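Biologist: Could you take one chain of this model and describe its make-up closely? I should like each technical term explained where it is used.

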Amino acid sequence: MSLITTLARFEAVDSGRAQAVATVRHRHLSARPLVFVPLTTAGETGAPLGALVGTDRDAPRLLVVPQPRDRDLRFGFLADLADVVLPYIDAHAESVEAAERTETDPETGKRVKVEVELCADAPQLIVPSRAGLDLVRLLGRSTRFRRTAEQDPEAPHPAPPHIPLLGRWLTHYGERARVPGSSLLLALTDVLSRHWATGQSSLEDQHLGALLAWIDPPEGTSGAEAARAAELARDADGQLLCPPAGPATDPAFDNKLLAPAIERYDRARAALAAAEDAVAADDRLAALTAAEREIRDLVASRTRPTWDAVWRGLDLLRELPQGAYAEERWTRDRWSFTGHRDRVLAGEPPQPRRDDAVTAANKLATREREQARLEAQEALDDPLVMAGRRLAGEAFAGEVIDVVMAYSEGKRPSPRPLVTVRTDDRPQAAERAKVYRSLGGRPQSAEVVGQEAGGVLVLRVLDKMGRGKEPEPGSVPEKGDRICFTLFEHEQRGGAKLPDPEETPWTHGGPPGEPTPEAPDAVTEEDVL
Amino acid sequence: MSPAHPAPAVGFDPGAAAARATDAILRDTLHGTERGVVVDSPPGAGKSTLVVRAALELADAGRPLMVVAQTNAQVDDLVLRLAEKNPELPVGRLHSSDADAYDPALDELPRVRTSAKAADLRELPVVLSTAAKWAHVTVDEPWPHAIVDEAYQMRSDSLLAVAGLFERALFVGDPGQLDPFAIVGSDQWAGLSYDPSASAVSTLLAHNPALPQHRLPVSWRLPASAAPLVSDAFYPYTPFRSGTDHGERRLAFAVPSDGSGPDRVIDEAAHSGWGLLELPARHTPRTDPEAVRAVAAVVRRLLDRGGAATSERSPDPSPLTPDRVAVGTAHRDQAAAVRAALAELGAAGVTVDTANRLQGREYDVTVVLHPLSGRPDATAFHLETGRLCVLASRHRHACIVVCRAGVGDLLDDYPSTEPVQLGTLVKFPDGWEANHAVLAHLAEHRVVWHP
């Protein structure tokens, strides 16, 4: 935890309210996000119990699996989920704009510009917490290898249509969420804690109710009290007043309310199956419907508070103006969405269960690059974030107290002005260290030539001064200017090109070979995990 | 399992043992049939010497060779050593197109050619560069041979980027030093044989388990007082010995002790090879001002007291100058704080750096700010075996550790709790155990000081 975050947490404890650690919103928020509040059942990993899902905060769609172990009911749930998610995705996939991309021409090997489509906007999926991200991945994994009867008439347990496609999209979103700074799939607790520091631990911040209690406590209570109530307060029946955001449910709810309700449902179903005549069947069907309705009401009662909390959190975030670079990162999200859309359209197989060596290395390289880019961009977008970097000695702001014109040696002398800056910050700048400042959105670099007592640094400006002998106007700081330099680079270099997977070298096991269809689970053969 | 102990000193000839190991390595490298040879080298065991010798022998045998090191400083150092051993050998230094991409001293060497383009150097018998630069090189015809230096500090993905450039390779490195790391989570690939964030050697051996593996048995750097501890604590299953015996190295000071904590710990370390300057227990910020000042005071006194180091290198004692002293820390801000404190005391020229940057370096005396000093918790970062190993194995004569009391209790409060990942190789010893081993040894050389 950085020093400035520690300070903000102290202040939060002291004042009883979460403290802002950002002055702008560092993540893109779609005008019409799809919110997904899932619940799972204890006992089987990733067995959905139900969900609220939709884009309209007043009219969520409630999906329920009255017997979570029943695979047919689970498929029904997933099919219903696909009916909500896929039309939302398709609506975005259709609206495109023209864009250019640099590609390697397969024949000449040269880098050429090609005209391609870029989706004008991308669908954004919001889950309440980090555990929700994992569930999205798990649902993706357990559905993308399924085969529908249409794809494979011989499949022993055919999946309803659309389910494999839903799995591929959820997988893509789950993977994209691992890219730092991406916004296709967001966990609300992560986004809120990026912008506010509370007086509780970061582990406790993963409780959406407690986090919101710190950020926006009810009138007359402190954040600490409200957070404690959100975590612990129970009604007369011992049920939490603020149900956990899930996907896991509270054990008291499971034991006292859910388990008996599911048992009644099971009994009603067994009774219906055993009905011997139509009159009895009618009665028993009514009993089954009532039992199912009871479970639906229970699931609704545990998801609706979270659903409302998610929208409230989004409201709070929307009050912050969006950071300038967040849009650029969103454009990369749109590219990611468009890329997957094209792969689906091209009939490519689902994402493999495990990445091959080259894909894994490429993903890691991308994420490290994005992480460095995100850290730099957030600091450039937000003086409060920059203040944290300054406090850590990774940047400094100060006043220009002298500028001396100087030139490089060589045949064509170029301007290399010496700029003296006085700062109250304590940058950890070694001699000859490179430093950078933003000049009209582009990084200008300088090197540290000397340091004197009293926070005085002499810098030699190295670039962005034009081609002539004299620097272009405005490209060199002037005496009296307030400027801010960073010790970190603003832009990231592209990594080296890795070999194609078919050319994986001997050190990494050689080429991965042809993909084979995934085998069903050894214990429950109706699952393909 | 109890760690194997090195054979008793009687009849052990370190020079002969090292020569036998080197011969076997060169035999496998020059005449073996496998595509790779792996060499484990404990601290100061002559890894660079081995790399230079193997490079020269491959060049003599007429086999074009590329050398992959991890940092520009390492590459420059190897080029200088090659030129020193064989000034006639044409050597290529492939470098990036940045300004100051390589040590200007290379320009003085007549047979060394530098270029940012691999094609310019292709005809030379030996070409050296960093892994990062090699990753941008494409060739039609791979090099018949490569040497990968510091292979345990190289990440699997960076080996993936360069492995297509050579047919066979000698991988040399120190398994006890810091593992490579990624700045983003990589749990997703944990347990895969080609986990891109794992070390190059673990991927290589997972896919090619039959490759010959050697190790260098003698540390020429570590004194007889340090080798057994470092070997037991960090290399329990691959023990090594020091090349020198007790009494062969001596550290003496012209100015007698003034009785202060720093002077007493200096005397203890000069006498026994180790010293622990223990400050009162306290939870502190990372840049603990008291501990930082204590480190600076020890360094100041080391320089002021006219130290002289006697070793097997020369019959006369050599003065303990600032360039023979280093300070090691866990974090960069700690290093910056120590640098500032040293500047205040007017002690210039002493290297102050983090464990990551001290890897591969060697000094007469090191002063270490213990990674766990003053901490309220012990995270995986601070417990990492390699971090402590690097800090405790940079010295030829003595190592002084500055630490707050109570680290033993802290360790007991925070046993390793890293999740166990299926399919990954569990590393022994873990940082917790290694920290305890070092701490127990340091306790015998403790000087308690209330500044």
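Modeller: Two residues are in contact if their C-beta atoms, placed from the backbone, lie within 7 Å. Among the contacts in chain A between residues at least 6 apart in sequence, 63% join residues at least 24 apart. This is a predicted model, in which local features need pLDDT of at least 70 and side-chain atom pairs count only at pLDDT 80 or more, while totals for chains, interfaces and linings use all residues. Residues are numbered from 1 along each chain as its sequence is written, and chains are lettered from A and ligands numbered from 1 in the order in which they are written.

Chain A as a whole comes first. Along its principal axes, the C-alpha trace of chain A spans about 100 × 70 × 40 Å. Chain A has 529 residues, of which 38% are buried (20 or more other C-beta atoms within 10 Å of a residue's own; 12 or fewer is exposed, and in between is partly exposed). Its secondary structure amounts to 12 helices and 15 strands, which are DSSP runs numbered from the N terminus (helices H or I, at least four residues; strands E, at least two).

Two of the helices pack against each other. Helix α8 of chain A covers residues 251–273 and helix α9 of chain A covers residues 278–318; their axes lie 8 Å apart, at an angle of about 160° (axes are fitted to C-alpha atoms over the stretch in contact, and angles run from 0 to 180 degrees between N-to-C directions). Therefore α8(A) and α9(A) are roughly antiparallel to each other (over 145 degrees; under 35 is roughly parallel, 65 to 115 roughly perpendicular and the rest oblique). On the α8(A) side, the residues making the contact include Phe253(A), Leu257(A), Leu258(A), Ala261(A), Ile262(A) and Tyr265(A). On the α9(A) side, they include Leu285(A), Leu288(A), Ala291(A), Ile295(A) and Leu298(A). Charged residues take part as well, among them Arg264(A) from α8(A) and Glu292(A) from α9(A).

The strands offer a second example. Strand β10 of chain A, residues 395–404, runs antiparallel to strand β15 of chain A, residues 482–486, and five bridges join them (strands pair if DSSP finds at least two bridges between them). Within this pairing, Glu399(A) has Arg482(A) of β15(A) as its bridge partner. Strand β10(A) also runs antiparallel to strand β11 of chain A, residues 418–423, and here six bridges join the two. In this second pairing, Val404(A) is matched with Leu418(A) of β11(A). Strand β10(A) is thus joined to β15(A) and to β11(A).

One residue of a loop completes the account. His162(A) belongs to the loop between α3 (130–144) and α4 (163–176) of chain A. Its backbone deserves attention: phi of His162(A) is near 75°, a positive value in a residue that is not glycine. Most residues other than glycine have a negative phi. His162(A) counts as partly exposed because it has 17 C-beta neighbours inside 10 Å.

Chain B supplies a counterpart in Glu150(B), which is not a glycine and has a positive phi of about 50°. Glu150(B) sits in the loop between β6 (143–148) and α6 (156–162) of chain B. With 25 other C-beta atoms within 10 Å, Glu150(B) is buried, whereas His162(A) is partly exposed.
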